[in-house]
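Q: I should like to learn how to read individual features of a protein structure. Could we work through one together?

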Amino acid sequence: MKIHQLSAEEALASLNSRHDGLIAAEVEHRFKEYGLNQIDEVRGESLLLCFIKEFVHFFALILWVAAGLAFFAEYKQPDGGMATLGYAVLGVIVINGLFSFWQQYRAERAIIALQKLLPHTVKVIRTGELEQILVAQLVPGDVILLQEGDNVPADCRLLEAFSLRVNNATVTGESLPKARDAQPSSEEHLEQSRNTLLAGTSIVSGEGRAVVFATGMHTEFGKIAHLTQTAEKSVSPLQLEIVRLSRIIAVLAVSLGGVFFFIGHSMGLSFWENFIFAIGIIVANVPEGLLPTVTLSLAMATQRMAKRNALIRHLPSVEALGSATVICTDKTGTLTENRMAVSQIYLDNELLAPTAIQRQPKRIQRHRAFFEDALLCHNLKETMHDGQWQALGDPMEIALVRMAKTCLGETLSYPKINEVPFDTDRKRLSTIHHTPKGVLLYCKGALEMLLPLCDRVQTGETISTMNAEAKQQFLHAQEAMASKGLRVLAFAWRELTQAHNSEAQEQNLILCGLVGLEDPPRPEVPEAMRLCHAAGIKVIMVTGDHPHTALAIGRQIGQIQTEHPVIITGDKLRKLSETQLRLALDAPDIIFARVGADQKMRIVAALKKKKHIVAVTGDGVNDAPALKLADIGIAMGLTGTDVAKEAADMILLDDNFASIIAAIEEGRAVYENIRKFLAYILTSNIPEVVPYLAFALLKIPLPLTIIQILAVDLGTDMLPALGLGAGKPESDSMNKPPRAHDERLLDTRLLLRAYLFLGILEAVVSMAAYFFVLYSGGWQWGESLASNTSLYLQATTACFSAIIISQIVNVFLCKTPNRSVFSAALFDNYIILWGIALEIVLMGIIDYTSWGNTIFGTTPLEPKVWLFIVPFALLMLGLEELRKVLVRKC
């Protein structure tokens, strides 16, 4: 038999312990065997390894190769400008690596966070003496004393319990405190037993004596910690797409380099000339600005999300959230407020809201005994702090006292002279008070326990004999409230002649009313659920609470929309095969209730196998493993435990479920924005490559130098690209379903548009400007030009400037990839506007200052060149608008 199924004496005997505790020698022996009562740290990646990884991922390797090739080309052909390119690429690698490491690094503090939930000292009985020791020194078999306000330091089996109630929310997810006693339990599972206390939970009321049966990593708490530590963090969709994008770019660059190597060979160029030419083609095809632009764009998105109360801890999670197809959400503290509140009151055969009663002072006076009962019958420790009433104890009792104080509008000081304590068999509490009417007994508890004790019932000011009809009315009212997921308590009272605390005085009571309590849903959640449904996102409630409570909340918030939703409890889930679970997840409305931490992980894993992008929300320790396994884990910032926050990718600063929807909207915008600036950056590759092809194939002077390519990729293009990455979400973005899991960031359509349409148009503009200057200066075909001649410098400057002018137009074309430029607000993105201004300023500095001319090999252009370039750029705008019209019609 399991320890919770044994009697208290048998439990002690099974641990070779006694009521007066362990002797010193036995403590020492067990300490050596079981070790410290603490969570063991799983060694993770070293800080150095995390740092190195930022410089050796696939795209970084492409840049390393590009830099190496550039230095090799410079070695074989000095003064060709390739060394400058090599140093610039190295700078990109270093800056981006440092920035990414700084943004994404997080210390592995989950273990420390877990230990914060455990108390530092505990009262223990050893060799018959009461001692106070460090929690870490506890061993199995120790007998400990616990009281109201204590945190439980290890898994314990109760030996004695006096009105003891425990809050299990952080470990099991249950919203209501649970009564505990020392009687043997018939429950199969330890966490459902009423005689066990789990490490990491807290004592709400009462006191008890217990024997420790599990410490450290052997506790249920430790098992959750192990799941959190060992769960592998999944790679985000964006990270997978960046890897794929890197491979495509690498293949394209190397393929083009190889093709033109053989073209050069067929034209009779020497091997080294061909090789240097191929290197130039490869390096020109690598968008050096892509990686820092992606990183900076994601970082800017995190800033926007922070303003909407969503704190992003890992950059790729920004886009992952926008891809989410399923949200698995905890109930307690996430969909609800994690506090008990009175939802309904049954008086005078009516179910009423507390706010309705507050507007009826006469009714309150008629039922004054009922409100006095709610106000006085409790075991709270009341204090005043800064003029505000505060209480320590059962949240339900706190809610009842608040309700009674609000309705009565006064604080009563009727001294309590005795009580008949609550226990799990009686399911009721009675307190006895001196009042102006004499000695009164106030009783509250489960209706089924109070009804047999009541011989009268109060309706208004009338007290009449209890009959079958009155009993039935109360039972119907209880059923009505229970069907809504409310916790129902009955209230009764009587006058006494003596103030004894025997159960015999709990007779001939007057039943006066019922109260239905709940952990109320957050007011903003129903609208958030509506937006989820509109956005094609499925919401699944995964809770440790009772299925009836979960279903009631699900209906209130709009998560459940069908008449017969699928409800799967933890016991049922254990019996489901992998195939059965996957099929069950196809149900339109589904709730998982009474589930443990390992089962939450199983649900998340099953959804991921079904190709879903899974977001998981939660605030408790029991949520942490699933948070870590999910594509994006979302923790509550105010009520969330430290371990949940450490396991999460995103933290809701206001604990507002609706903030998730705002964050999803931003995440969807990030994906579309990355596609926009990909098109923008890749477009300029073609006018940078074509000059090299023309140089090799047409035997003309090189139209564009390496340093000018760098000026575009790492200078003029950067801020406009960032502006595209910082674009606001489209107005209809949350009325569309999530993108398909097989939809690619860089697909064939984007590549064709960037390379074979926009890129070709820019290449035509730049090469036309180049030849316009050459022919205007009297150049003849086949004539060679020295790199320092005025005509050559003017021609390359024209080519370079034409690319920049084309990119100024292109940023507006990429801002609205499907809609007409003229249908969108042109000046709503200040970063793009500043980017264009910077492009013009940089172009002016490079073209018209002496040091700009010296560094970049340029010279001032005549006005006629600008008059030649601008109409070509406007033609590019017209052709793109025509393409969009044709695409919309097809």
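A: We may begin with a turn; please bear in mind that the model is predicted. Strands β1 and β2 form a hairpin with two residues between them, and T127 in the turn has a positive phi of about 50°.

Q: How many bridges join β1 to β2, and do the strands run parallel or antiparallel?

A: Strand β1, residues 121-126, is joined to β2 by six bridges, and the two run antiparallel. Within this pairing, R126 stands opposite E129 in β2.

Q: What is the general expectation for phi, against which a positive value is read?

A: Most residues other than glycine have a negative phi. In this chain, N309 has a positive phi of about 70° although it is not a glycine. N309 lies in the loop between α11 (290-307) and β8 (310-312). Another case is N349, a residue other than glycine whose phi is positive, near 60°. The loop that holds N349 lies between β10 (341-347) and β11 (350-352).

Q: Why does N309 count as partly exposed?

A: The class of partly exposed covers values between the limits of 20% and 50% relative accessible area. N309 has a relative accessible area of 31%, and is therefore partly exposed. N349, at 43%, is partly exposed as well.

Q: Where is L138 found, and is L138 buried or exposed?

A: L138 is found in the loop between β2 (129-134) and β3 (143-147). Its relative accessible area is 0%, so L138 is buried.

Q: Which residues are in contact with L138, leaving aside its neighbours within four places in sequence?

A: Among them are V122, V124 and R126, together with I133 and I144. The list also includes G35, N37, P153, A154, V212 and T215. As for distance across the chain, the C-alpha atoms of L138 and C377 are separated by 37 Å, and the two residues are 239 residues apart along the chain.

Q: How is a pair of aromatic rings described?

A: Such a pair is described by the distance of the centres and the angle of the planes. A search of the whole structure finds 13 aromatic pairs. F370 and F371 form one of them, with 5.0 Å centre to centre and 80° between the planes, an edge-to-face arrangement. F370 counts as buried because its relative accessibility is 0%, and F371 counts as buried at 0% too.

Q: Why is the pair of F370 and F491 edge-to-face?

A: Planes over 60 degrees apart count as edge-to-face. The ring planes of F370 and F491 lie at 75°, with the centres 5.3 Å apart, so the pair is edge-to-face. This pair links distant parts of the chain, 121 residues apart: F370 is in helix α15 (residues 368-376) and F491 is in strand β19 (residues 487-496). Both F370 and F491 are buried.

Q: Which residues form one aromatic cluster?

A: Y770, F771, Y775, W779 and W781 form one.

Q: How many helices and strands are there in the chain, and what describes the chain as a whole?

A: There are 34 helices and 26 strands. Of the 890 residues in the chain, 58% are buried. The C-alpha atoms fill a box of roughly 125 × 70 × 55 Å, taken along the principal axes. Among contacts with a separation of 6 or more, 73% are between residues 24 or more positions apart. The chain exposes about 36,800 Å², of which carbon and sulfur atoms supply 59%. Its side chains include 81 positive and 92 negative ones, and the centres of the two sets lie 4 Å apart.

Technical notes: Residues are numbered from 1 along each chain as its sequence is written. Side-chain values use heavy atoms; hydrogens and water are left out. Rings of Phe, Tyr and Trp (its six-membered ring) pair if their centres lie within 6.5 Å; planes under 30 degrees apart count as stacked, over 60 as edge-to-face and the rest as tilted. Buried means under 20% relative accessible area, exposed over 50%, partly exposed in between (1.4 Å probe, protein chains only). Helices (H or I, at least four residues) and strands (E, at least two) are DSSP runs, numbered from the N terminus. Contact means heavy atoms within 4.5 Å. Accessible areas come from the Shrake-Rupley method with a 1.4 Å probe; for residues, only the protein chains shown count as cover. Lys and Arg count as positive and Asp and Glu as negative; His and the chain ends are not counted. The place of a charge is taken as NZ of Lys, CZ of Arg, CG of Asp or CD of Glu. Two strands pair if DSSP finds at least two bridges between them.
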